[in-house]
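Biologist: Please take a close look at one part of this predicted model, the cysteines, and then carry the account on to the aromatic pairs and the largest pocket.

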Amino acid sequence: MNQSDKTCWVAELGLVPYGPACELQQRLVRARKDNGIPDVLLFCEHPHVITLGRNGQREHLRVSRSLLEQMNVEFHPTDRGGDITYHGPGQIVGYPILDLTEHRRDVRWYVGQLEEIMIRATAGFGGAAKRLEDKHGIWIDTPAGEEKLAALGVHLSRWVTSHGFAYNVSADLRYFDLIVPCGFAGKGVTSLERILGRAVNGEEVRASLAGHFGEVFERTMIPISRRELEQALSSDGLPADPHAPVCAAPEIAVAKGSQA
């Protein structure tokens, strides 16, 4: 594949359970390492799930397993950086699969670029997001103090990225009470709709994030369907690897009948 075109596929997956999303990322990482695909940006939402990063502390989960089961919330250990976080409907999750050897081999730079994308997107909707020193993600000044609008947690393998960011658009923020978000006690969490005081179209937010992603990483963003993505992976002979340890199986299963 000729990477001189500087393209990036962008795929909107809709509502996807966390485990299958991890498996898809693992397949894309393998294909990207083999140069079988260009850079990829996945957008999705997850059914209610709490994930714990490889350096996270389990005591930052504030509730029992039985309560999570009653609430239909999964719990997944994962290999991304960062501590504990929540994903759910109304939150846009972005998973970039980038080969940083074609950008810049610098993890701090990469994380800063993801923050910049979300800061620009927030500004486009009328919000003033910012960085905080020694705290990844983006933050907003509110009457209650500095609150987190979006979280980050990434993984790199041979300079190919996976995992990414979680941007709260209309998420039910009460679920963050189940955890110490990202391990920052005393810091609140907010959403784009809360800071703007109005409803926000998620499709418009994804379009804005994708546009700024292309600007920041200097890539032409090319929409691709889930089916086309699967066909590209199949043509490279890259089926799912059931032994790949990208994300562990959920330790807490959702209650019977849940979407997950």
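Modeller: Cysteine 44 has a relative accessible area of 4%, so this residue counts as buried, the limit being under 20%. The closest cysteine sulfur to that of cysteine 44 belongs to cysteine 22 and lies 9.2 Å away, which is too far for a bond. A disulfide would require the two sulfur atoms to be within 2.5 Å. Cysteine 8 is likewise buried, because its relative accessibility is 0%. Across the structure, the number of disulfides is zero.

The aromatic side chains come next. The whole structure contains five aromatic pairs. In one of them, the ring centres of tyrosine 86 and phenylalanine 176 are 5.2 Å apart and the ring planes meet at 80 degrees, so the arrangement is edge-to-face, a class that begins over 60 degrees. Tyrosine 86 belongs to strand β5 (residues 84-87), while phenylalanine 176 sits in the loop between β10 (160-168) and β11 (188-189); the pair therefore ties together parts of the chain that are 90 residues apart in sequence. Both partners are shielded: tyrosine 86 is buried at 0% relative accessibility, and phenylalanine 176 is buried with a relative accessible area of 7%.

Another edge-to-face pair joins tryptophan 109 to phenylalanine 217, with 5.9 Å from centre to centre and 85 degrees between the planes. This pair also links distant parts of the chain, since tryptophan 109 is in helix α3 (residues 107-124) and phenylalanine 217 is in helix α5 (residues 202-217), 108 residues apart. Tryptophan 109 and phenylalanine 217 are buried. They also belong to one aromatic cluster, together with Tyr110 and Phe213.

Strand β5 and helix α3, which carry tyrosine 86 and tryptophan 109, appear again at the largest pocket, where each supplies at least two residues of the lining. The volume of this pocket is about 720 Å³. Its lining comprises 36 residues, of which Gly81, Gly82, His136, Leu152 and Gly153 are the closest to the centre. Strands β6 (91-97), β7 (129-132), β8 (135-142), β9 (145-157) and β10 also contribute at least two lining residues each. The largest share comes from β9, with seven residues. By residue class, the lining of the largest pocket consists of 15 nonpolar, eleven polar and ten charged residues.

Terms used:
Residues numbered from 1 in each chain as written. Predicted model: local features only at pLDDT ≥ 70, side-chain atom pairs only at ≥ 80, totals over all residues. Heavy atoms only, no water. Buried < 20%, exposed > 50% of the residue type's maximum accessible area, 1.4 Å probe, protein only. Phe/Tyr/Trp six-rings, centres within 6.5 Å; stacked < 30°, edge-to-face > 60°. Helix = DSSP H or I, 4+ residues; strand = E, 2+ residues; numbered from the N terminus. 1 Å grid on protein atoms, 1.4 Å probe; cavity = no way out; pocket = protein on both sides within 12 Å on 5 of 7 lines; lining within 4 Å. Points joined across faces, edges and corners; volume = space filled by probe spheres on them. Nonpolar A, V, L, I, M, F, W, Y, C, P; charged D, E, K, R; others polar.
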